[in-house]
There are 2 protein chains.
Amino acid sequence: MKPRAASTQRRTRIQKENEEIILESALEIFSTNGFRGTTIDQIAAAAGMSKPNLLYYFRRKEDMHQALLDQLLTNWLAPLEEMDPGGEPLEEICKYIRRKLEMAEKYPRESRLFANEILQGAPHIKEQLEGALRELVDEKSMLIENWIEQKKLAPCDPRHVIFSIWATTQHYADFDVQICAILAEEERIKTRFEDAAKMLEGLYVNGLKP
Amino acid sequence: MKPRAASTQRRTRIQKENEEIILESALEIFSTNGFRGTTIDQIAAAAGMSKPNLLYYFRRKEDMHQALLDQLLTNWLAPLEEMDPGGEPLEEICKYIRRKLEMAEKYPRESRLFANEILQGAPHIKEQLEGALRELVDEKSMLIENWIEQKKLAPCDPRHVIFSIWATTQHYADFDVQICAILAEEERIKTRFEDAAKMLEGLYVNGLKP
DNA sequence: ACAAATTTTTACCAGTTGGACAAATATTAG
DNA sequence: CTAATATTTGTCCAACTGGTAAAAATTTGT
């Protein structure tokens, strides 16, 4: 019998193992080649199994992609959600930057998968962007507005501040090739995430100080 | 006779016209679908000509892509090149941000084409990144270092400052779908580039003030 | 141990895609 | 106007790709 894709129904040990291996391999390939740029064969090869066997677990190529995106979005929102209304504003923003930068370093493939999806017009996650993500950004924007009113932050457009944090941090995952090409073989290349963290924290602390 | 692709040899009127139409169409499709995601037929359809006719001007799909990338890189470096050693540091940085933001608004397709290429590991422009781009960044980094030594800028890692400007400005082209999803139908969506410019200038002026 | 259910393999196919080729048509130079 | 040259079209194909179907092998529950 065909297994129900990613459903809540009980899955066998083998199913769990193989689905995990497949998604891991799919992430690797999708994130570097894009959706249309990857072939099922590539994923199958990376997963060490035959194409029909892979298709036994995910009936269509799109199913793997969708599964990865769904899984991703939850983790993606977490760092922003953790921004604490009770904390010290500048400290909270620094912590947010650090968390995002850590994610860029630890999960560059996820970042690139996301970037690929957005670049192509977000056909598979448009609703979530307009739904969950938008609501979260609205909520945190209000929080930042409050901080500004309390003179704890310099006046600024909260939404665009958030955008700029996304941009600068994800850049280190998405544009890593470019960054490494520029930093070249020097010592700097090894410390790029540290260096980025220092520079960004300095920029935002001074830039947003009331 | 087959025309020499993008060579310096004399080209007929028709050649010039058609090559332009083709590249324009190719940019449109490549930038939204990625390299592997676009088919020659799509480009041909967009250019209003038959596939074999298109292949008469560009023998391979890759030739169009390469032509676009080569053309792009020159324009891409221009705004940074214009950064004036004789100017007022904070003013020069603001002007650079504004120029980059203008490019993101005016040429989002070029930005996305570039982003796609980098995301996939920059297979076609690695050399240029390590060559021309790196040299330019080195040069401008030294300039910024000088400004810092002259106490005209707060201490910061110049290279990472440049990266952050790239990231924040290009973000408005590359992640436009996401930004629009979040700003939604509100008035804000129309003024997003203005708002971004204001926010970024404030951030960098305060953040880098010595 | 044995039947039932699950997993894997083998063989296959239809649609798409990049690209070749030569014939037909249009343009230009003399 | 004609010959040479440049452009366009129609036809074709081999490789690739997503996906199917059924048989074979393996695992699992009892």
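Over which residues of chain A does pLDDT stay under 50? Select residues 1-9 of chain A, since pLDDT (the predictor's confidence in each residue, from 0 to 100) stays under 50 over this stretch. For these residues the model has 9 contacts beyond four places in sequence, where contact means heavy atoms within 4.5 Å. Where pLDDT is low, the predicted coordinates should not be read in detail.

This is a predicted model, in which local features need pLDDT of at least 70 and side-chain atom pairs count only at pLDDT 80 or more, while totals for chains, interfaces and linings use all residues. Residues are numbered from 1 along each chain as its sequence is written, chains are lettered from A and ligands numbered from 1 in the order in which they are written, and side-chain values use heavy atoms, with hydrogens and water left out.

**Chain A as a whole**

Now select chain A, whose mean pLDDT is 93, with 95% of its residues reaching 70 or more. Chain A has 10 helices and 0 strands, where helices (H or I, at least four residues) and strands (E, at least two) are DSSP runs, numbered from the N terminus. Following the chain along its sequence, you will therefore meet the pattern α-α-α-α-α-α-α-α-α-α. Taken along the principal axes, the box filled by the C-alpha atoms of chain A is roughly 65 × 45 × 30 Å. Chain A has 210 residues, of which 54% count as buried; buried means under 20% relative accessible area, exposed over 50%, and partly exposed in between, with a 1.4 Å probe and protein chains only. Among the contacts in chain A with a separation of 6 or more, 67% come from residues 24 or more positions apart.

**Two helices in chain B**

Select next helix α7 (residues 126-149) and helix α8 (residues 158-174) of chain B, which pack at an angle of about 115° with their axes 8 Å apart. Axes here are lines fitted to C-alpha atoms, for helices over the stretch in contact, and angles run from 0 to 180 degrees between N-to-C directions. If you show the side chains, you can find residues including B:Leu133, B:Val137 and B:Ile144 on α7(B), meeting residues of α8(B) that include B:Pro158, B:Ile162 and B:Trp166. By class, this contact of α7(B) with α8(B) has 6 nonpolar, 1 polar and 4 charged residues, where Ala, Val, Leu, Ile, Met, Phe, Trp, Tyr, Cys and Pro count as nonpolar, Asp, Glu, Lys and Arg as charged, and the others, Gly among them, as polar.

Just before α7, select B:His124, which is found in the loop between α6 (108-119) and α7 of chain B. B:His124 counts as buried at 18% relative accessibility. Leaving aside its neighbours within four places in sequence, B:His124 is in contact with B:Glu62, B:His65, B:Gln66, B:Leu69 and B:Glu117.

**Aromatic rings between the chains**

How many aromatic pairs does a search of the whole structure find? There are 12 over all chains; rings of Phe, Tyr and Trp (its six-membered ring) pair if their centres lie within 6.5 Å, and planes under 30 degrees apart count as stacked, over 60 as edge-to-face and the rest as tilted. Select A:Phe163 and A:Trp166, whose ring centres are 5.7 Å apart with planes at 45°, so the pair is tilted. These two residues are 3 residues apart in helix α8 (residues 158-174) of chain A, and are therefore separated by about one helical turn. A:Phe163 counts as buried at 1% relative accessibility, and A:Trp166 counts as buried at 6%.

Add B:Tyr172, which forms an edge-to-face pair with A:Phe163, at 6.4 Å centre to centre and 80° between the planes. Because A:Phe163 lies in helix α8 of chain A and B:Tyr172 in helix α8 of chain B, the pair joins two chains. B:Tyr172 is buried as well, with a relative accessible area of 2%. Adding B:Phe193 completes the view, for ring pairs link A:Phe163, A:Trp166, B:Tyr172 and B:Phe193 into a cluster.

**The loop between α9 and α10**

Most residues other than glycine have a negative phi, and most peptide bonds are trans. Select A:Ala184, which has a positive phi of about 55° although it is not a glycine, and which lies in the loop between α9 (176-183) and α10 (192-208) of chain A. A:Ala184 is buried, with a relative accessible area of 10%. In chain B, phi of B:Ala184 is near 55° and positive too, and B:Ala184 is found in the loop between α9 and α10 of that chain. B:Ala184 counts as buried at 8% relative accessibility.

Finally, select B:Ile189, which lies in the loop between α9 (176-183) and α10 (192-208) of chain B. Apart from its neighbours within four places in sequence, B:Ile189 is in contact with B:Cys180, B:Leu183 and B:Ala184.
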